[in-house]
Amino acid sequence: MTSPQRTALVTGGSRGLGAAIARALHAAGHRVIITHTPGNIKIGPWQRAQAAQGYTFAAYEVDVSDYESAQEMARRIQADGHQIDILVNNAGITRDATLRKLDKADWDAVLRTNLDSMFHVTKPFIDPMIERGWGRIVNISSINGSKGQFGQTNYSAAKAGVHGFTKALALEVARKGVTVNTVSPGYLATEMVMAVREDVRQKIIDAIPVGRLGQPEEIAALVAFIVSDAAAFMTGSNLAMNGGQHMY
Ligand code: CAA
């Protein structure tokens, strides 16, 4: 089943998994808008490089950890004439440390960016989706939201919260043509994972049954399916893709 062209918003869509999702949705025929952090001077060159490869992305700045910043971003997107049919809440950060060493600032930054952002960014787009009777929301969680991870009390708590948010919202909009799902990637070959100390990272890779990191494009293909018309019966689900590292 081919889906009609929709407009998708991918937070944190210029890097890592977000960029792969943006490209996959563009390749599926959708208009794609990405967000980036305020003042990111790499966005212009990145957009031009993508355009040279055939990918046209509009870009808006937002601090997803800040409620007002997210509302302002939504106002600008709507004022520019876009209606968001597909929302991918992807933007996220890590601040890894054992709880004994973790400070309050790094707890707050991860909870605000990875969990509060679900509320901040979804809030302005949910009513228009309900009014149009069609919408797709995909929230990016993590394997570590389900299994926990040494050094990630903040990240694991936030990512577990993402799925609670997904399930509750899925119930609220199930009769409105809007689906809400969680995708929980395992360890991918992205900057975020490459930032983990080499010896620690190697041990993690050794524990992945398929014996390798995932590619962001593998997760992106799953997201492209979830936002299609073919996936209308899937809502409130948590879709895992992690090379067998954690089986649900
Ligand atoms: N289980 C049990 N004990 C462990 C352990 C584990 N998994 N890992 C380390 N330890 C032990 C160590 O053996 C060591 O013990 P001793 O003090 O007795 O020797 C002690 O805990 C301290 O370990 P570290 O040297 O690792 O501690 P550190 O303070 O230097 O580093 C850390 C802590 C930065 C959190 C580091 O452990 C780390 O980077 N961990 C990986 C975190 C991770 O997986 N992050 C994922 C980022 S990517 C992502 O999040 C994307 C996604 O969704 C998957």
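1. Let's start with helix H9, whose buried residues are Pro216, Ile219, Ala220, Leu222, Val223, Ala224 and Ile226. The cover over these buried residues includes helix H1 (16–27) along with E4, E5, E6 and E7. Please keep in mind while reading that this is a predicted model. The spacing of such positions has a simple background: an α-helix has 3.6 residues a turn, so residues three or four places apart point the same way.

2. Next, the sheet itself. Seven strands make up an open sheet with parallel pairing, and their order is E3-E2-E1-E4-E5-E6-E7. Which strands stand at the edges? They are E3 (57–61) and E7 (238–241); each has a single partner strand, so one side of each is left without a neighbour in the sheet. Averaged over the sheet and ignoring direction, neighbouring strands are turned by 20 degrees against each other.

3. At the E3 edge, strand E2 (residues 31–36) is joined to E3 by five bridges, and the two run parallel. Within this pairing, Thr35 has Tyr60 in E3 as its bridge partner. Helix H3 (residues 67–79) lies across E3, E2 and strand E1 (7–10), and runs at about 145 degrees to E3.

4. Back to helix H9 (residues 216–226), now from the side of the sheet. H9 packs on the sheet and touches strand E4 (86–89), strand E5 (135–140), strand E6 (178–185) and E7. The direction of H9 makes about 165 degrees with that of E6.

5. Strand E6 deserves a paragraph of its own. How many of the residues of E6 are buried? Eight of its eight residues are. Both faces are covered: one side carries Val178, Val180, Thr182 and Ser184, the other Thr179, Asn181, Val183 and Pro185, and all of these are buried. The split into two sets fits a general pattern: in a regular strand the side chains alternate between the two faces of the sheet.

6. The neighbours of E6 in the sheet are easy to trace. E5 and E6 run parallel and are joined by six bridges; here Ile140 has Val183 in E6 as its bridge partner. On the other pairing, E6 and E7 are parallel over four bridges, with Asn238 in E7 as the bridge partner of Thr182.

7. One residue to look at in E6 is Thr179. Its relative accessibility is 4%, so Thr179 counts as buried. Leaving out residues up to four places away in sequence, Thr179 touches Gly135, Arg136, Ile137, Ala231, Ala232, Met234 and Thr235.

8. Ile43 sits in helix H2 (residues 43–52). Is Ile43 buried or exposed? Ile43 has a relative accessible area of 5% and is therefore buried. Setting aside residues up to four places away in sequence, the contacts of Ile43 are Ser14, Ile34, His36 and Ala59. Ile43 and Glu61 are 18 residues apart along the chain, and their C-alpha atoms are separated by 9.6 Å.

9. Two residues bring helices H3 and H4 into one picture. Pro124 lies in helix H4 (residues 104–132), while Gln71 lies in helix H3. Pro124 is buried at a relative accessible area of 16%, and Gln71 is buried at 9%. Not counting residues up to four places away in sequence, Pro124 touches Ala70, Gln71, Ala74 and Gln78, whereas Gln71 touches His120, Lys123 and Pro124. A polar atom of the Gln71 side chain also lies 3.0 Å from the backbone oxygen of His120. In the C-alpha picture, Pro124 and Arg75 are 8.4 Å apart in space, with their positions 49 residues apart in sequence.

10. Finally, the ligand, which may interest you most. Which of the 18 residues around the ligand come nearest? They are Asp96, Lys101, Ser142, Tyr155 and Tyr187. The side chain of Lys101 has an N or O atom 2.7 Å from an oxygen atom of the ligand. For Tyr155, a polar side-chain atom lies 2.7 Å from a ligand oxygen. Arg197 also takes part, with an N or O atom of its side chain 3.1 Å from an oxygen atom of the ligand. Taken alone, the ligand exposes 1,100 Å², and the protein buries 58% of that.

Conventions
Residues numbered from 1 in each chain as written. Predicted model: local features only at pLDDT ≥ 70, side-chain atom pairs only at ≥ 80, totals over all residues. Heavy atoms only, no water. Pairing = 2+ DSSP bridges. Axes fitted to C-alpha atoms, helices over the stretch in contact; angles between N-to-C directions. Contact = heavy atoms within 4.5 Å. Near = heavy atom within 4 Å. Polar contact = N/O pair within 3.5 Å; in protein donor to acceptor, adjacent residues only side chain to side chain. Areas by Shrake-Rupley, 256 points an atom, 1.4 Å probe, with all protein chains shown as cover. Buried < 20%, exposed > 50% of the residue type's maximum accessible area, 1.4 Å probe, protein only.
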